[in-house]
Each structure stands twice: as structure tokens, then as C-alpha cells.
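Trainee: Got a minute to go through this one with me? I'd like to work from the empty spaces outwards to the side chains and the backbone.

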Amino acid sequence: MQLHEDKYKDLNLKIGLEIHVQLKTEQKIFCECSTDYINSSPNNNICPICTSQPGSKPMGVNEKALENLLKIGLFFGCKAYEKPFYVQRKHYFYPDLPSNYQRTSQPILGDGNFMGVGIWEIHIEEDPGRYELREGKVDLNRCGVPLAEIVTAPDIKSPEYAREFLRDLLLSLEYLGVIRGESGSIRADVNISIMGGNRIEIKNVNSVKGVYKALKYEIVRQKAVLQRGGTITMETRHFDEGSMITKTLRKKETVADYRYIPDPDLVPIYISPEKLQEIESVLPESPHNKKKRFMKEYSLGEEIVDALISDLYLSDFFEESAKKSNPIESGKWCATELKRRLNEKNLSVSTSKITPKHISDMIGFIERGELSVKNAKWIIEDAVDTGEDITSLMDKKNFYQISSEDTLLDIIEKVMGDNPKAVEDYKSGNENALHFLFGKVVNETEGRAEPSKTIKLLKDKLCMVN
Amino acid sequence: MVETIIDDNVIERVSEIARLKLSEKEKEKFREEFERILEEFSVVDEIKVGEKELYYVIENVNVLRKDSEPKPFNKINDIKNNFNKKEDGFIVVPRNL
């Protein structure tokens, strides 16, 4: 079951993504210019090749870009096609593309899976330059930065899951070390259909949040059209990041308009089984194998494991904390409260201040009866935010659980004295009165009363009143 | 020889994709030129290539190059001189919004 899938069940929602990520290399894909298009003044990392000066020819494909792409594919369990692939020219006229065609390869790998979403195919292409639509300004520094395009099956069933999927996919790619650091902002084309209606493509969404917002908006818009008795016609829409809505793109190109032809300046590329083996041998454990191992080695449930392996930094973090604490407890805390807090703060364990020791220490406090589960959630939030060690957080927040019977009895007696009606109610058989009194004790102790002991003492004391 | 009809629709579509606004006179001129081009190229159809798809006549594959330190091009200004209009290092083109 995907996140919030239930909410959209009646809509028969199908979402597929075409995700573009920049592959990490020093040089551009077809020339020797730097790929650093951000820290350089406009139109400074350019040469006759990437700006398509008349007579220029591309150099051979940057091998590192191709290797990084293969890593992505193999990591997602894709298979490489046996036939050699060639680079094609996809023609269109736009100011960000001086050659008037984009070099884009045929699919190189396909048939993979990530977080239950099928990966249809992955290919390599060149990034165009940057075109500021509003100002009419063009910077060609980005022209020729290698890109991987990852095309998913329409297996995503809610905007919430699309967001989670993208976030975790980006983290995995970052973990693999194959994408450019600053490219955290992905670019995606989003395909969506509801109630078996036509597929709508939303172009050029530039952030994970944007994908979520664009999907939410499209669902509302399409539902409204259908409710009014209209039909959804197949079209391409543009997402406006400012107003967070999608708009019809008037001019639309079809596949035939792109006039794809094999680039005669580049020869086909063949990925040998030896090359694949070489790449595979340096890859970290795949999510699939990790899942099997976590379930067996740590006896964790599938749901918990799925949450842990969707973020490889988190799965490493978990393994580290499980060395010094009960792995089942550690898995549970990492997969639920910790992940929730990180998502809330838009952080990863690699970027937040929390360490595996925080989790193992915290579990120790819970097991010794010194910390309540409820307060442990607060501890996680603070550890993520501040990185302070658990002992000083316990002191600072005064979270030490009260388990001394004498102290608890004093409080219970006070609560019973203050609420004689509830005591009477309990005596006349109203069980709810017990919960009420327990709640009062919890409030009185600011949540620090040890629950099982408190209930037992409370019951004993109430019986004694009889 | 391939029968291709270069009618008004084709001319319209091609000019749209090319982002060009054509006058009636220009449309007529292009129509004639397109037909002539296709006529010239129809010679290619006479070549017997067999069933197999043939995109490359040379058998060379895998021309790749190692990634290394970037090598800045030393005549960037020569490229920039080709830009029609410049502002703060950017190329200035029509706005699109």
C-alpha cells in the first residue's frame, strides 16, 4: 500500500514520471568544458562544440557520464539492452539550444524497480542552456552537461507517494555519488490520468514540491472538468512555479515533429557484459538485497524495512544504531519517528545533527523505564534539530520517568482527593473513571508517570477506598 | 519515387515548428523548394540496402573519452562576438512570457 493510496482509490489515479538528473562529471558530455554552470559567469564555460559553431563536431561520449548512468540503472535492478545504442538528434527550435537539436540516446537500460515503482527505461542526453523566459536572456554554460532521464511506469498512486518516491530516489542517487551536488532540484515531466481518462503531461516541473503541487492541482482540475460533464483531452501542460497551477501549452510538438535521426557524428555504443560486471562490483548493496537481509538478520517487518531501505543513508544509520541497541526497537524508531521528523524538516540523516548513538542511547533509557515512549518522540525531534546528547536532553527537558512507588502514590492520592466524583463513579462500576484519573496523574507529572505502574497503583488505591 | 504532397498544411506545420512567420509569397516559394528537395533525395530510395536497418556504414563502436580536468576554450570572445545582442554576459533573445 502506497502513502495515501486510499484517498485516491475511487479516482483510479495513475502517475508516471520522466525524471532528469545531472550526472556528475568534470567535463561536459561531448566537449572538454567544465560542467560547473552555477559558479561561473554567464557564457563562460563554452566552446565551439557545446555552442554548435558551424563546422564543430562532438567528441566521443564522456565515459564517466555513461558509467554513472549505468550505476543508476543497475542499482534500480535494470537490465542493459544487448544491442548497441546510438545517440539521436531530437530537433526543436528554442533559444537554449543553439544546434536546434538535442542529442539524446536510445534507451540504455530498462525494466527495473524502485520502491515498488517500475523503471521503464533510462537514457543519456545533453542538457540545454538556461533561458530566462521573462527577461529573454540566455546562458549557454549548461549546454552539454550530461543528463540521465529515468522514465517510470505509471505505478504511482498518490501525489504524496510521488513526493516520497522522488525524495528517496534523489537520496539514493546522491548516496551512489553519481549526480551533481547542486542538482538537488530535479526536473521532471509528470504524466497523470484519472478515471481511465486521457493522459495529461505536465512539462518542466523543477522541484519535488512542484511535482506534488502540480499533481494536486491537476487532480482537482480534472475532477471539476469531469463533474461538469466535460472530457479530458490528451494535452501537454506547463507548470507555473509561481502560482503553483498548470496551464495549457498552446504549441505542441508530436514525436514526428522532433524528426529523430541517428547522429552521424557519433558511432554506436555497446555495453559489454564485462563492463556491466565491473560497474556492478563497485555498487553498494541493492535495495532488493538489503531488504532481504534486514528482514532475515534483524527480524524486522516488511513495512519497517521498506521505510529504512528507501533512504540508504537511513539504512546505514539504522545498522549503526542497531549495533548497540535492540534492532527491532531501533528499526521501528528509525523508520517511523525519525523519518517523519526528517521529512518534516526536509533533511536526511546525512544533513541533520542526529547520530546513531542518539537512537541507541534513547532506547536504553526507554528499556530502563526512565523515558516514556511519548517523550521519546520529543527527544528525537530535539536530537535532529540540535544534536545534543540524550543525557543532557533528558536533564534539560526533565523527562526522567517517575517510577518510584512512593512518589506516584503521593500524586495519586492528591488526584483522588481533587476528584471525588470520579472516585465515586469508579466505585459504582464506571471503568472510564479510571482512565480519567489516570489522565489526571499523567498531566500532574507532565507525562512522566510510568504508565503500567501508575495504572496498577491507581487500581490498588481505588480498591482500598472500598 | 516517394509521393509526397507538400500542401498548405505541411508548410504551415513546418513554419510553426521552425518558429517562422511566412508570407503567402514565401509559402509558395518554400512549397516549390521542398518539392525540389524531395525530388532530388528520392534518388536515395534507389539504393538497395536490404532488410537490416543501416544507420552507420562504418563498423567502429564505442568511441568514448575519459573524464578529466576541464580544458577551458581560449577564444570564448570569438564565440561571444557571434551573439547578436548581449547584456551582462547573457545573450539577449525575444522574451517568451
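**Cavities, rings and odd torsions**

Mentor: Sure, and let's begin with a list: A:Ile29, A:Phe30, A:Val87, A:Arg103, A:Thr104, A:Ser105, A:Ile124, A:Glu125 and A:Glu126 line the second largest cavity. Keep in mind that this is a predicted model.

Trainee: Which strands of chain A each supply at least two residues of that lining?

Mentor: Look at the list again: A:Arg103, A:Thr104 and A:Ser105 are in it, and so are A:Ile124, A:Glu125 and A:Glu126. Match those numbers to the strands, and the suppliers of at least two residues each are β5 (101-105) and β7 (117-126).

Trainee: And how does the lining of the second largest cavity divide by class?

Mentor: The list includes A:Ile29 and A:Val87, along with A:Arg103 and A:Glu125. Sorted by class, the lining comes to 4 nonpolar, 2 polar and 3 charged residues.

Trainee: What about volume: how much space lies in the largest cavity?

Mentor: The search of the whole structure turns up 2 cavities of 30 Å³ or more. The second largest holds about 30 Å³. For the largest cavity, the figure is about 90 Å³.

Trainee: Which residues lie nearest the centre of the largest cavity?

Mentor: Its lining has 8 nonpolar, 3 polar and 3 charged residues, which is 14 residues in the lining. A:Arg103 and A:Glu126 should ring a bell, since both also line the second largest cavity. Nearest the centre of the largest cavity are A:Ile49, A:Cys50, A:Ser52, A:Arg103 and A:Glu126.

Trainee: On to pockets. Which element gives the largest share of the lining of the second largest pocket?

Mentor: That pocket has a volume of about 1,100 Å³. Of its 34 lining residues, A:Met115, A:Tyr161, A:Asp306, A:Ala307 and A:Ser310 are closest to the centre. Several elements of chain A supply at least two residues each, including α1 (63-75), α2 (159-176) and α6 (302-309). The largest share is 6 residues, and it comes from α6(A).

Trainee: How many charged residues are in the lining of the second largest pocket?

Mentor: A:Asp306, one of the residues closest to the centre, belongs to the charged class. Over the whole lining there are 16 nonpolar and 10 polar residues, and the charged ones number 8.

Trainee: Now the rings. Is the pair of B:Phe30 and B:Phe34 stacked, edge-to-face or tilted?

Mentor: Both residues lie in helix α2 (residues 24-41) of chain B, 4 residues apart, about one turn of the helix. Their ring centres are 5.9 Å apart, with the planes at 50 degrees. Stacked needs planes under 30 degrees apart and edge-to-face over 60, so this pair is tilted.

Trainee: Are B:Phe30 and B:Phe34 buried, partly exposed or exposed?

Mentor: The relative accessible area is 26% for B:Phe30 and 21% for B:Phe34. Buried means under 20% and exposed over 50%, so B:Phe30 and B:Phe34 both count as partly exposed.

Trainee: Which charged residue sits over the ring of A:Tyr258?

Mentor: There are two cation-over-ring cases to keep apart here. A:Arg368 lies over the face of A:Phe365, at 4.9 Å from the ring centre. Over A:Tyr258, at 4.5 Å from the centre of the ring, is the charged end of A:Lys90.

Trainee: Which side chain is joined to A:Arg237 by a polar contact?

Mentor: A:Arg237 is in strand β13 (residues 235-240) of chain A. At 6% relative accessibility it is under the 20% limit, so A:Arg237 counts as buried. The polar contact is 3.2 Å, and the partner side chain is A:Glu218.

Trainee: Last one: what is phi of B:Asp88?

Mentor: Most residues other than glycine have a negative phi. B:Arg19, in the loop between α1 (8-17) and α2 of chain B, has a positive phi of about 55 degrees. B:Asp88 is in the loop between β2 (86-87) and β3 (90-92) of chain B and is exposed, with a relative accessible area of 61%. Phi of B:Asp88 is positive too, near 50 degrees.

Definitions and conventions:
Residues numbered from 1 in each chain as written. Chains lettered and ligands numbered in written order. Predicted model: local features only at pLDDT ≥ 70, side-chain atom pairs only at ≥ 80, totals over all residues. Heavy atoms only, no water. 1 Å grid on protein atoms, 1.4 Å probe; cavity = no way out; pocket = protein on both sides within 12 Å on 5 of 7 lines; lining within 4 Å. Points joined across faces, edges and corners; volume = space filled by probe spheres on them. Phe/Tyr/Trp six-rings, centres within 6.5 Å; stacked < 30°, edge-to-face > 60°. Buried < 20%, exposed > 50% of the residue type's maximum accessible area, 1.4 Å probe, protein only. Lys NZ or Arg CZ within 6 Å of the ring centre and 35° of its normal. Polar contact = N/O pair within 3.5 Å; in protein donor to acceptor, adjacent residues only side chain to side chain.
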